[in-house]
Amino acid sequence: MRVVEYRGHGGPEVLALAERPLPECGPGQVRLRVAAAGVNRPDVQQRKGLYPPPPGVTDIPGLDIAGVVEAAAPDVAWPRPGDAVCALVAGGGYAEHSIAPALQCLPVPRGFSFIEAASLPEVFFTAWNNVMDLGRLAEGETLLVQGGTSGVGLAAMQLALRLRGATVLATSSSAAKQAVCRQMGATGVVDYRDADWPQQVRALTGGRGADVILDSQGGDYTQAELDLLAPDGRLVLIASHRAPRAEISTRDIYIRRLTLTGSTLRARPPAYKGRIAAALRAQAWPLLEQGLIRTLVCGVHPLADAAAAQAVLDGNRQIGKLVLAVAPDAASVPGG
Ligand SMILES: NC(=O)c1ccc[n+]([C@@H]2O[C@H](COP(=O)([O-])OP(=O)(O)OC[C@H]3O[C@@H](n4cnc5c(N)ncnc54)[C@H](OP(=O)(O)O)[C@@H]3O)[C@@H](O)[C@H]2O)c1
């Protein structure tokens, strides 16, 4: 099968097409004929050597896929061969065929193309795990999303709005991206390049602060974000692009009963991810099918052009998700 692999670490020039043997399903797994695959920031981090695949996981990049099941282990009740699904995978997405744990599969939402379906798993699993589970966002609370037009940010904002009736605030770096944040439901958007962005966010909360903050920057943002939390607030870190270390006031944590937490999803076992899949299927998938939650696909590239897709991420030019069209039927709606 054709795959895209990394030949060393570096810029998009290390991506290369290659031939690899067809992967075989183990217990609890299915093999998809991949129609489309998502491109995510962690793929870029892996390319740079900053986010290696967990032990035992293929070195082929790609964390989400959509396609048709072509083989399933005997112990898998669903999905079965012929089913159109999308799936979260720990690697192997940039390929014509890919293995997924059955627990991490979800049906392609009714009316969605494979391209749209491939844009969903990584960002919705991540947003659910961090905002709903770890962040414990409750009805009517206020959520601040750093980088509102990131794939994860857009998913987080919409889950918060539609499932928690939350007030959503976002940061973003350009007028165009800020407009998209507002269109997607953010009631206040702040440019994080303004030195006084924390004061601007605080003003938007009427001085109270946010209940949950979802952040991928870390470093010097961390204390600013702790300062921005309301009493009992939760700061959830999903990356540390600014710096892995931060100096913080531990006093703030016990005086205002704050929670500082975070996660990476990739190395968690299928049973853990399967619980998130079940929650998404029950609560978010119906809203996607009703058009109440949307996915924003800002670019589609052929598998052979995966380097061009990653270059868009390198330039931070994406708004929402980039997807690879792997098979000729990538744009088709299964059963449509
Ligand atoms: N822990 C996990 O399990 C997990 C899983 C998936 C992704 N992630 C992380 O989650 C983040 C989003 O992933 P993605 O694939 O959706 O990313 P993405 O589309 O590449 O978006 C990156 C975002 O970071 C924002 N950003 C850059 N510099 C910033 C700053 N100084 N302050 C605030 N925001 C800033 C960008 O905002 P502008 O575009 O407005 O500049 C952009 O929205 C990434 O950091 C990724 O590494 C973590």
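**Two domains, one open sheet and a salt bridge**

Mentor: In this predicted model, the protein is divided into domain 1, made of 2-120 + 266-325, and domain 2, which covers 124-262. The C-alpha centres of the two domains lie 26 Å apart, and the contact takes 25 residues from domain 1 and 17 residues from domain 2.

Trainee: How much area do domain 1 and domain 2 bury between them, and on which atoms?

Mentor: The size of an interface is often given as the accessible area lost when the parts come together. Domain 1 and domain 2 bury about 2,000 Å² between them, and 70% of this area is on carbon and sulfur atoms. The figure is summed over both domains, so the 2,000 Å² should not be read as the loss of one domain alone.

Trainee: How many salt bridges and how many polar contacts does the interface hold?

Mentor: Across the interface of domain 1 and domain 2 the rule finds 0 salt bridges, whereas the count of residue pairs in polar contact is 7, with both residues at pLDDT 80 or more. On the side of domain 1 that touches domain 2, the elements giving two or more residues are helix 1 (41-47) and helix 9 (270-289); the largest share, 10 residues, comes from helix 9.

Trainee: What makes the contact of Arg20 and Glu5 a salt bridge?

Mentor: The side chains of Arg20 and Glu5 meet at 2.9 Å, N to O, and the cut-off is 4 Å between a side-chain nitrogen of Lys or Arg and a carboxyl oxygen of Asp or Glu; the pair therefore qualifies. Arg20 is in the loop between strand 2 (15-19) and strand 3 (29-39), while Glu5 is in strand 1 (residues 2-6), so that the pair, 15 residues apart, links distant parts of the chain. The structure holds 15 salt bridges.

Trainee: Why are strand 10 and strand 13 called edge strands?

Mentor: The sheet is open, with 6 strands in the order 10-9-8-11-12-13 and parallel pairing. Strand 10 (188-191) and strand 13 (259-262) each pair on one side only. Neighbouring strands of this sheet are turned by 20 degrees against each other on average, direction ignored.

Trainee: How do you know that strand 8 and strand 9 pair?

Mentor: At least two bridges are needed, and strand 8 (residues 142-145) and strand 9 (residues 167-172) have 4 bridges in the parallel sense, so the criterion is met. The bridge partner of Thr142 in strand 9 is Thr167. Helix 4 (residues 151-164) packs on the sheet, touching strand 8, strand 9 and strand 11 (210-215), and its direction makes about 170 degrees with that of strand 8.

Trainee: What makes the peptide bond between Trp78 and Pro79 cis?

Mentor: Its omega is about 0 degrees, and Pro79 is found in the loop between strand 4 (64-72) and strand 5 (84-88).

Methods
Residues numbered from 1 in each chain as written. Heavy atoms only, no water. Axes fitted to C-alpha atoms, helices over the stretch in contact; angles between N-to-C directions. Contact = heavy atoms within 4.5 Å. Domains from an automatic or database assignment. Buried area = accessible area lost by both parts, 1.4 Å probe. Polar contact = N/O pair within 3.5 Å; in protein donor to acceptor, adjacent residues only side chain to side chain.
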